[in-house]
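Reader: Before accepting the terms used for a structure, I should like to hear the reasoning behind each of them. Would you set out the grounds one by one?

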Amino acid sequence: MSGALCAAVAGAYVHLPSPLEIPLCLAAGALGGAILGSIAGALRARYGASEVITTIMLNYIAYLGANYLVSGPLRGSPFAPETATIDTTAMLHPIIPDTRLTAALPLAMLTAAALWWWLRATVAGFELRTVGRSERVARYAGISVPGVILKTMALSGALAGIGGACEVMGLLHRFNAQLSPGYGFTSIAVALLAQSNPLGVIASGFFFGVLQNGALSMQSQAMVPKDLVSIIEGLVILFVSASWAGSRLTVHRAPATADPLAPDGPLTSGPA
């Protein structure tokens, strides 16, 4: 939400050639998302507050704050609470005419591949994976756990902000408070199904995208309620979460070893 708003403001009020305007809007979106993510990261690193709870609460703050801005100081349309239309030089035009496919798709795939490499080939990626597996082990290894948490949340917010910026630049060409129909909660399911693997997120994202985009067509053509898609998504989350929780809670019991001092067989009384 915050990244999309920042990108819309940059695209509407800063006038530059396209090679400069597009990176500027993406950077503005990343900055807006990183600021919001850093707040949740600081609360987690300093006070141990759950990032799930704090980000959900921040979502409402961002939504209401953005709604106020587009209804007042940043309102650019007399017909709806939304910003002014961004410049043509800031738009991501369709790669295939008459479709919604823009450069946002290859950008997302390249970002996922870069993150996969970063997590496995850099020291910072190793530190992040270590903290994610066990903060206690990370502290023992000399890793600054609060620093890693703060940087990770800022990076996550920046990536989400770029996603919001692409939504504004490629599809809506402006910002309004109804920008997201629930992308944030869907992204949790996408990440769970992909098991937090950046390359797996590509396939998982396509899967959920096909489900959601086909829901209305399924209802109109096959007379199947579109709510069935929500049920399928919920079942996916349930099964994946159950599998993850089961692997964490499984207790491997070591077989009991015999006492070397114990007799080989049951004690019996000798002959009288």
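Author: The following exchange takes up the terms applied to this predicted model and the grounds for each.

Reader: What makes up the secondary structure of the protein?

Author: The protein has ten helices and zero strands. Along the sequence the pattern is accordingly written α-α-α-α-α-α-α-α-α-α. Of its 272 residues, 28% are buried.

Reader: Why is the contact between Glu-135 and Arg-44 called a salt bridge?

Author: The closest N and O atoms of Glu-135 and Arg-44 are 2.6 Å apart. The cut-off is 4 Å between a side-chain nitrogen of Lys or Arg and a carboxyl oxygen of Asp or Glu, so the pair qualifies. Glu-135 lies in helix H6 (residues 135-140) and Arg-44 in helix H2 (residues 18-47), so this salt bridge ties together parts that are 91 residues apart in sequence.

Reader: How do you know whether Glu-135 and Arg-44 are buried, partly exposed or exposed?

Author: The relative accessible area is 23% for Glu-135 and 22% for Arg-44. Buried requires under 20% and exposed over 50%, so both residues are partly exposed.

Reader: What other partner does Glu-135 have in helix H6?

Author: The side chain of Glu-135 also meets that of Arg-139 in a salt bridge, at 3.5 Å from N to O. These two residues are four apart in helix H6, which means that about one helical turn separates them. A network of salt bridges links Arg-44, Glu-51, Glu-135 and Arg-139. The structure holds four salt bridges.

Reader: What does the salt bridge between Arg-174 and Glu-82 tie together?

Author: Here the closest N and O atoms are 3.5 Å apart. Arg-174 lies in the loop between helix H7 (145-172) and H8, and Glu-82 in the loop between H3 and H4, so the pair ties together parts 92 residues apart in sequence. Arg-174, with a relative accessible area of 26%, is partly exposed. Glu-82 has 13%, which is under 20%, and is therefore buried.

Reader: Why is the pair of Phe-207 and Phe-208 called edge-to-face?

Author: The description of such a pair rests on the distance of the ring centres and the angle of the planes. For Phe-207 and Phe-208 the centres are 5.4 Å apart and the planes make an angle of 80°. The distance is within 6.5 Å and the angle over 60 degrees, so the pair counts as edge-to-face. By this rule the count is one aromatic pair. Phe-207 is partly exposed at 35% relative accessibility, whereas Phe-208 is buried at 2%.

Reader: What makes Leu-192 eligible for the nonpolar patch on the surface?

Author: Leu-192 has 31% relative accessibility and counts as partly exposed. Membership requires over 30%, so Leu-192 meets that cut-off. Leu-192 belongs to helix H8. The patch also includes Val-52, Ile-53 and Phe-185, and its accessible area is about 790 Å² together. Helix H3 (51-71) and helix H8 (183-194) are the elements that give two or more residues to the patch, and H3 gives the most, with five.

Reader: Why is Arg-100 called exposed?

Author: Arg-100 has 62% relative accessibility, which is over 50%, and therefore counts as exposed. Arg-100 is found in the loop between H3 and helix H4 (104-121). Between Arg-100 and Leu-171, 71 residues apart in sequence, the C-alpha to C-alpha distance is 7.0 Å.

Notes. Residues numbered from 1 in each chain as written. Predicted model: local features only at pLDDT ≥ 70, side-chain atom pairs only at ≥ 80, totals over all residues. Heavy atoms only, no water. Phe/Tyr/Trp six-rings, centres within 6.5 Å; stacked < 30°, edge-to-face > 60°. Buried < 20%, exposed > 50% of the residue type's maximum accessible area, 1.4 Å probe, protein only. Patch = residues over 30% accessible without salt bridge, like charges linked within 9 Å, V, L, I, M, F, W, Y side chains within 5 Å. Areas by Shrake-Rupley, 256 points an atom, 1.4 Å probe, with all protein chains shown as cover.
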